[in-house]
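Please look over the model shown here. The report covers its hairpins, its main nonpolar core and its pockets.

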Amino acid sequence: PNGLFVAAWRGRELSAVEPGGQVRWTVPGRHRVRVARWGPVDGFRIAYLAGGALRIVDGDGTDDRRYGSARMRVAPAWRPDDAHVLAYVDARDRVRVVAVDSGRELWRTGRVPGVRELAWAPDGRRLLVATARRLRMHARGGRLLGSHPVRRPISDVAWAPGSRRTAA
């Protein structure tokens with residue numbers, strides 16, 4: 001957040017590291033950390049995947065907790081605001097959007113096998129869900145806006161800054 005720290009992981013440890021390499025704090029775990037994403041805007045939360053679960057830890061390294069079961073291959077995606085809303089893929093291959101602080105589920109999809117990546121639009125109004133061969137666009141609230149096949153397997157997706165355009 002604000003370029004002050006980087007979320008880094010090695011083995012079973014998640015750490016906040018200063019740009020010069022100094023470790024600010026470390027959370028030891030029982031399972032290998034797969035991926036971590038620092039919440040945007042205020043930096044008060046980090047979502048990470050370990051041991052078949054989505055975990056949330058406060059930005060100061062305290063209150064590490066299990067949130068729910070998750071697919072280990074898909075990084076969670078924070079909505080780009082300070083509301084602490086997170087999209088992730090659960091163990092049943094459903095995309096879930098949750099308000100982390102209250103624990104409330106805002107919406108979820110039916111089963112979407114093979115999700116590779118989740119990406120919020122810069123304004124937080126749409127969520128792009130990418131599988132190997134399809135792009136799905138959901139409105140805030142979960143309504144499916146469109147589903148488009150692609151010719152080649154998708155490995156990464158991104159939104160153009162300040163735009164409705166995406167690249168895959």
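## Hairpins, core and pockets

Strand 14 and strand 15 make a hairpin with 4 residues between them, and Gly141 in the turn has a positive phi of about 105 degrees. The two strands, residues 134–139 and 144–149, run antiparallel and are joined by 5 bridges. Arg136 faces Ser147 of strand 15. Strands here are DSSP runs of E with at least two residues, numbered from the N terminus. Two strands pair if DSSP finds at least two bridges between them.

This is a predicted model; local features need pLDDT of at least 70, side-chain atom pairs count only at pLDDT 80 or more, and totals for chains, interfaces and linings use all residues. Residues are numbered from 1 along each chain as its sequence is written, and side-chain values use heavy atoms, with hydrogens and water left out.

A second hairpin links strand 4 and strand 5, with 6 residues between them. Val41 in its turn has a positive phi of about 70 degrees. Strand 4 and strand 5 pair in the antiparallel sense over 5 bridges. Ala36 stands opposite Tyr48 in strand 5.

Next, the core. The largest nonpolar core (buried Ala, Val, Leu, Ile, Met, Phe, Trp, Tyr and Cys residues joined through side-chain atoms within 4.5 Å; buried means under 20% relative accessible area with a 1.4 Å probe, protein chains only) has 14 residues. Val95, Val97, Val115, Leu118, Trp120, Leu127 and Val129 touch the most other members. Strand 9 (85–89), strand 10 (94–99), strand 12 and strand 13 (126–131) each give two or more residues to this core. Beyond four places in sequence, Val129 is in contact (heavy atoms within 4.5 Å) with residues including Val95, Val115, Leu118 and Arg136.

Now the pockets. A pocket is an open set of points on a 1 Å grid where a 1.4 Å probe fits, with protein on both sides within 12 Å along at least five of seven lines; lining residues have an atom within 4 Å of a point. Volume is the space filled by probe spheres set on the points.

| Pocket | Volume | Closest to centre |
|---|---|---|
| Largest | about 290 Å³ | Ala77, Trp78, Leu118, Ala119, Trp120 |
| Second largest | about 200 Å³ | Gly29, Arg30, His31, Ala50, Arg55 |

Strand 12 (115–120) gives the most to the lining of the largest pocket, with 5 residues. That lining has 15 nonpolar, no polar and 4 charged residues. The second largest pocket is lined by 7 nonpolar, 3 polar and 5 charged residues. Asp, Glu, Lys and Arg count as charged; Ala, Val, Leu, Ile, Met, Phe, Trp, Tyr, Cys and Pro as nonpolar; the others, Gly among them, as polar.

Key: Buried < 20%, exposed > 50% of the residue type's maximum accessible area, 1.4 Å probe, protein only.
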